[in-house]
Amino acid sequence: MKNMTAGRARLFGASTFALAIICAQPAFAAADMAPSENAPDASSDDQRIAEGSDIIVSATSANEIAPVTASLQTTQPQAIVSRSFIEESLPATVDFNQIALITPSVSNNGGNNGIGLSESKAQIRGFQDGEYNITYDGVPFGDTNDPTHHSTTFFPSNTIETLVVDRGPGNASQLGQATFGGTFNLFSRATRDDFGGQLVASYGSFNTYLARGLLETGAIKGLGGTEAVFSGQYVHSDGRSSESKYQNYNFFGKVMVPISPDVRLTFLATYNKNRFNQADSDGSTLAQQALFGKYYALNDDPKSSQYYGYNHTDKTTDFEIVKLEANLSSNATFENRAYTYYYDNETLSANDVTTLPGAASSTKPSATGTPINGDIPGYTKTNKYRVFGDIAKVRIDFGFGALTAGAWLEFSHTYRQQRDVDLTTGGFNYTEKAVTAPLTGLNPGQVTPQYIKFDQNSQGNHTEEFVELELRPLPNLKITPGFKHVDFNRKIDAAYNQTTRYAQRLSNTYTANLPFLTVNYQPTSNLSVYGQYAKGFLIPALSQLYVANPTFSNVVPQRSTNYQAGAVYHGSHLSLDADVYVINFTNKFTSYTDQSPDKLGTIFTNIGGALYKGVEAQATYAFGNGFAVFANGSRNYAKTVVYIDPNSGKLIPRTNVAKAPVSTAAAGIFYKHGPVRFSLTDKWTGAQYADLPNAVRISPYNTANLAASYDVGPFRVGIDVTDLFNSQKINQISGTPVNASTQFYYQPGRAISGEVTYTF
């Protein structure tokens, strides 16, 4: 039986569920990074590229300095972003979308208030947030009304050791509600054998300052070798956009307890709180920009809907995992993750921030009252949920193969509300239409107050069972068929349901059977080829139940069929991988208002789909003297399938998927030798369309980042310059076709920050 505490064979924060597809060893035999046969110069200090995960990466000269690489054992296109790149080439405020941006086929938009200072959204091959998955230490997370994410909540960069972008649905053990678009796998900060830590302070553009601390206890002999890591940070910024202040507090802790040589228990917890001034729709119109500039957002005028006091949000989150790992025998392992996470969004926002200051506005003090001219209408918003889940897995290795089986159980409870308010007086605004509950429904004849938009509770029950059989018919060949069964049930119990605004109790259930097949073959120790076939599945958003007549909606889950193949090469100085992919995406969701004499209201249905295909590659070459060059690129095709518009009955031709760049590219130079660290990277995002009709085109744009630092004893003094060439192009347009209310978002432009790090 293997001793789990021996040497560096450690899996703290491991995500074997999410990454079983790229593990080459049984659960407790994998090192953080195993050196390849052609890398005799690799040192133990360099074996941290994928620390915190199960991923094994060859410690060649190229991989030691590469910002992005892939494992020889991967079975799908993959990009591993190292902690050293996060610390040495990006500002400390960076969010996980910006970390992933350096990888092929990833683009993002939003973030116009500064790097990590407002929410951004990422895309993978044109798949939007909600169509791909994000995990933290193997636990999928996301909103409960649809699986979307918030880049500035839960996990700032001080909580992330490594980020792995899987561009594909993985194998049966890759868990999540939307794996068919790919997965961002975030791994928590790793505990270490030795005592140490860091104190970080930075200050830069937009009056942005950050204070961060990290403490590693090392192995505590009196507690049987228990290891722990703790981190905390505070961020304040005035923001790039006008009157858009941002604050963040984060606390993180992880404790790994070796119960015995073959049993390990890990406790993880993180708490995050954000407060920022921002309207729900935080771009600016062309008319506003003509008067106040392209970074206009809010002002200090209480008579304006853009007053910062009327537009602010408080977000509080926590995330906890208890993980048990056990060697049951010499060839069998067991893992269990019990987890919970919480999200609370409390927002106050003006109804319309697209007007010019001084524009006419009014509120109603009661259902029968005379409108109050000049008062500013707005609303309060609550979205909070608690999720509980458990992931269990057993793996049995029988020599010529291995069997992995497991299950994922998850339950969520959500409360959401919006109420109209008079922002000037603080009272209610009775502006909604009068609604009376149907006599055949809940609370028959109930009259809805005209200041309530909705007030609803909802629940989600999600289970997945999976099995994989890894076969090894030849040396260095792994063929892994897999199967996953999915059940998802949703319930709404609303006092006032969204959209209908009367009491409703509704539910729906979705199921799917998903096959998988992956192959990985290593003809030599530094070359592998792989292939993948997989089916994907995505349930409709909770909004399908925001209708008067849900029985008339015939929505079925979105489906995908994924085919990909690629190769990975790790030479002593060259790291290279490339792939091709084809994804057929069907049953695209849509909704329309019934115009028949029966007036059935809003109806959800499926239309057509989309075809995604492309080619991707990334490479790093190290010259052996601490100097390396890096490049990656993708050519992406994402177009809708021809379909009939249910609203008009017209045939809609094939068009480009909205917010799907036709290509991406990145390049950079790196130097790391002695006390000097230097990097210059540039990410280019190709042309895309802001809308499905392809009437509004967003031109290509790029962002160049420069970072340099120098070690003086235990201190490191550094500078980061993001958007070095001050590109301020449009990266998002909200509200098309373009009119007076359309909002435009821009790259935040050049930002400079200085940083001092004390390491002990």
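Q: Where in the chain is the place of Ala 690?
A: Welcome to a predicted model, where local features need pLDDT of at least 70, side-chain atom pairs count only at pLDDT 80 or more, and totals for chains, interfaces and linings use all residues. Residues are numbered from 1 along each chain as its sequence is written, and side-chain values use heavy atoms, with hydrogens and water left out. Helices (H or I, at least four residues) and strands (E, at least two) are DSSP runs numbered from the N terminus. Ala 690 lies in the loop between strand 32 (688-689) and strand 33 (697-698).

Q: Is Ala 690 buried or exposed?
A: Buried means under 20% relative accessible area, exposed means over 50%, and partly exposed is in between (1.4 Å probe, protein chains only). Ala 690 has a relative accessibility of 11%, so this residue counts as buried.

Q: Which residue is 43 residues from Ala 690 in sequence and 6.0 Å from it in space, C-alpha to C-alpha?
A: Contact means heavy atoms within 4.5 Å. Not counting residues up to four places away in sequence, Ala 690 touches Ala 658, Val 696, Ile 698, Ile 733 and Thr 736. The partner 43 residues away in sequence, with a C-alpha to C-alpha distance of 6.0 Å, is Ile 733.

Q: Which residues are in contact with Ser 202, leaving aside its neighbours within four places in sequence?
A: Ser 202 belongs to strand 9 (residues 196-204). At 12% relative accessibility, Ser 202 is buried. Beyond its neighbours within four places, Ser 202 contacts Thr 208, Tyr 209, Leu 210, Gly 754 and Glu 755.

Q: Which side chains of strand 31 point to one face and are buried?
A: In a regular strand the side chains alternate between the two faces of the sheet. In strand 31 (residues 676-685), Val 676, Phe 678, Leu 680, Asp 682 and Trp 684 point to the face whose side chains are not buried. The buried ones, on the other face, are Arg 677, Ser 679, Thr 681, Lys 683 and Thr 685.

Q: How many bridges join strand 31 to strand 34?
A: Two strands pair if DSSP finds at least two bridges between them. Strand 30 (residues 663-673) pairs with strand 31 in the antiparallel sense over 10 bridges, and Tyr 671 stands opposite Phe 678 there. Strand 34 (residues 701-712) also runs antiparallel to strand 31, with Ser 709 opposite Arg 677. The number of bridges joining strand 31 and strand 34 is 10.

Q: Which residue in the turn between strand 30 and strand 31 has a positive phi?
A: Strand 30 and strand 31 form a hairpin, with 2 residues between them. The turn residue with a positive phi, of about 60 degrees, is Gly 674.

Q: Which strands each supply at least two residues of the nonpolar patch?
A: Patches are made of residues with over 30% relative accessible area and no salt bridge, joining like charges within 9 Å and nonpolar side chains (Val, Leu, Ile, Met, Phe, Trp, Tyr) within 5 Å; a salt bridge is a side-chain nitrogen of Lys or Arg within 4 Å of a carboxyl oxygen of Asp or Glu. This patch has about 990 Å² of accessible area (Shrake-Rupley method, 1.4 Å probe, for residues only the protein chains shown counting as cover). Among its members is Leu 215, found in strand 10 (residues 208-216) and partly exposed at 31%. The strands that each supply at least two residues are strand 34, strand 35 (715-722) and strand 38 (751-759).

Q: How many helices and strands are in the protein?
A: Buried residues make up 58% of the 760 residues. The counts are 5 helices and 38 strands.
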